[in-house]
Amino acid sequence: MNVPGPDRHALVTGGGGFIGSHLVETLLRLDCRVRVLDDFSTGRRANLPDDPRLEIQEGSVADLDAVGRAAAGATMIFHLAAIASVGRSIADPRGTHRVNYGGTVAVLEAARRWKVPRTVIASSAAVYGDADAALRRETDETHPLSPYAVDKLASEAICDFYRDMHDIRCAALRFFNVFGPRQDPASDYSGVVSIFLDHAARNAAPTIYGDGEQTRDFVHVTDVADALVAAASVPWMPEFGAVNIGSGKATSIRGLWREIATLTGATATPKRASARSGDIRRSRADISRAADLLGWRPQVDLAAGLADMMEARDGRRQTAAVR
Ligand code: UD2
């Protein structure tokens, strides 16, 4: 078992970001030593605690030397660094490919060089595209609809290659719509939860794109951090491939606003706008594989997660208290 602890050393690429910084917190709570590699283009130093067990290296995941240095001595690598914007990948496919696919290859090369026992990479529900089925299973066909999704799918495929060819123990987790504290409502890839909460707090009218009946699977960031740790810790299985990480529940965007409005007392009526191009109609994860392979189940439901985010906002707390 590769359970995080004092004799364990984790590298977290993108550790200054939304998901990465929550993972760093989880690893420190498990008393693991942690090294973060982040270029702080979207991540923030302020997301990271001041802790003697935490080392921060500033650098790009696309830089093979920087990744090689950061991976020295690691017993597990969590690869979360990416340009997580579908829109930007469409506008700049070469630049985002360099980071989103090139970064994965650099991480796998470092894992190979240092014989790192376990590597876990962040993939995305984006690889499924807009399938008709209500439930997404890992065995479904993939239909990546953007350069971002293509790079995530290619990252999974190159993991398979390193696993087969070089015996690198690497797993990919397909995240659905992750939400929680520190998600920035102001960036161009902001999640709808952070945008709606921000509007509700100001009693400003949010915009609902399309009819609002499109559904998403919202999974709390602390559950995602636990899934990452589980993927690095459970005994290795050769059948490890991509694993969905979601709540297993579908919530409509209109329903999400209703829930947030009730929670906050916001009375503003949402504005309507035409559906975003490429918007997916339905997305909900089958999470049975995560339960079977990782022994993981989500612990924080949407209502509890939203209440915690509101509280964090009011108290300017940056840490989730829902565990
Ligand atoms: C998610 C991922 C994205 C990519 C994509 C692939 C997040 C934050 N983004 O995008 O990285 O993996 O899936 O499919 O997880 N909406 C509104 N009003 C707003 C903002 C959003 O109505 O102000 C709608 C939007 O049109 C969409 C839904 O809310 O139908 C969710 O939008 P999102 O940007 O949070 O996430 P999504 O699923 O488009």
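## L108 and T104 in helix α5

L108 is buried, because its relative accessibility is 0% and burial is set at under 20%. The residue sits in helix α5 of what is a predicted model. Beyond the residues up to four places away in sequence, L108 touches I158, C159, Y162, I168 and C170. Against E311, the separation of L108 is 203 residues in sequence and 39 Å in space, taken from C-alpha to C-alpha.

T104 is placed in helix α5 as well, which covers residues 102-113. With a relative accessible area of 2%, T104 is also buried. Its contacts, leaving aside neighbours within four places in sequence, are H79, V99, I121, S155 and I158. I158 therefore appears in the contact list of T104 and in that of L108, given that contact means heavy atoms within 4.5 Å.

## Helix α2 against helix α5

Two packed helices are described by the angle between their axes and the distance between the axes. For helix α2 (residues 64-71) and α5, the axes come within 9 Å and cross at roughly 45°. This angle makes α2 oblique to α5, since angles under 35 degrees would count as roughly parallel and those from 65 to 115 as roughly perpendicular. The crossing of α2 with α5 is right-handed.

On the α2 side, the contact is made by L64, V67, G68 and A71. The α5 side supplies A106, V107, E109, A110 and R113. By class, the residues of this contact are 6 nonpolar, 1 polar and 2 charged.

## Helix α4 against helix α6

Helix α4 (residues 93-100) and helix α6 (residues 147-166) have axes that come within 10 Å and cross at roughly 25°. α4 is therefore roughly parallel to α6, the limit for that term being under 35 degrees. The two helices cross in a right-handed sense.

Four residues of α4 are involved, namely P93, T96, H97 and N100, and they meet P147, Y148, D151 and S155 in α6. The contact of α4 with α6 comprises 3 nonpolar, 4 polar and 1 charged residues. S155 of α6 takes part in this contact and is also in contact with T104 of α5.

## Helix α7 against helix α11

Helix α7 (residues 192-201) packs with helix α11 (residues 302-314) at an angle of about 55°, and their axes are 11 Å apart. The pair is therefore oblique. The crossing of α7 and α11 is right-handed.

V193, L197, D198 and A201 make the contact from α7, and L306, M309, M310 and R313 make it from α11. Of these residues, 6 are nonpolar, none is polar and 2 are charged.

## S21 in helix α1

S21 belongs to helix α1, residues 18-29. The residue counts as buried because its relative accessibility is 0%. The side chain of S21 reaches the backbone oxygen of G17 at 2.7 Å.

Setting aside neighbours within four places in sequence, S21 is in contact with G15, G16, N47, L48 and R182.

## Loop residues F40, R44 and N203

F40 is not a glycine, yet has a positive phi of about 55°. The loop that holds F40 runs between β2 (33-38) and β3 (54-58). F40 counts as buried because its relative accessible area is 16%, and the cut-off is under 20%.

R44 is found in the loop between β2 and β3. At a relative accessible area of 49%, R44 is partly exposed; the term exposed applies over 50%. R44 and H199 are 155 residues apart in sequence, and their C-alpha atoms are 23 Å apart in space.

N203 is a non-glycine residue with a positive phi, here about 50°. Its loop lies between α7 and β8 (207-209). N203 is partly exposed, with a relative accessible area of 38%.

Note on methods: Residues are numbered from 1 along each chain as its sequence is written. This is a predicted model: local features need pLDDT of at least 70, side-chain atom pairs count only at pLDDT 80 or more; totals for chains, interfaces and linings use all residues. Side-chain values use heavy atoms; hydrogens and water are left out. Axes are lines fitted to C-alpha atoms, for helices over the stretch in contact, and angles run from 0 to 180 degrees between N-to-C directions. Angles under 35 degrees count as roughly parallel, over 145 as roughly antiparallel, 65 to 115 as roughly perpendicular and the rest as oblique. A crossing is left-handed if the near helix is turned anticlockwise from the far one by less than a right angle, and right-handed if clockwise. Ala, Val, Leu, Ile, Met, Phe, Trp, Tyr, Cys and Pro count as nonpolar, Asp, Glu, Lys and Arg as charged, and the others, Gly among them, as polar. Buried means under 20% relative accessible area, exposed over 50%, partly exposed in between (1.4 Å probe, protein chains only). A polar contact is a pair of N or O atoms within 3.5 Å; within protein, one must be able to donate a hydrogen and the other to accept it, and residues adjacent in sequence count only if both atoms are side-chain atoms.
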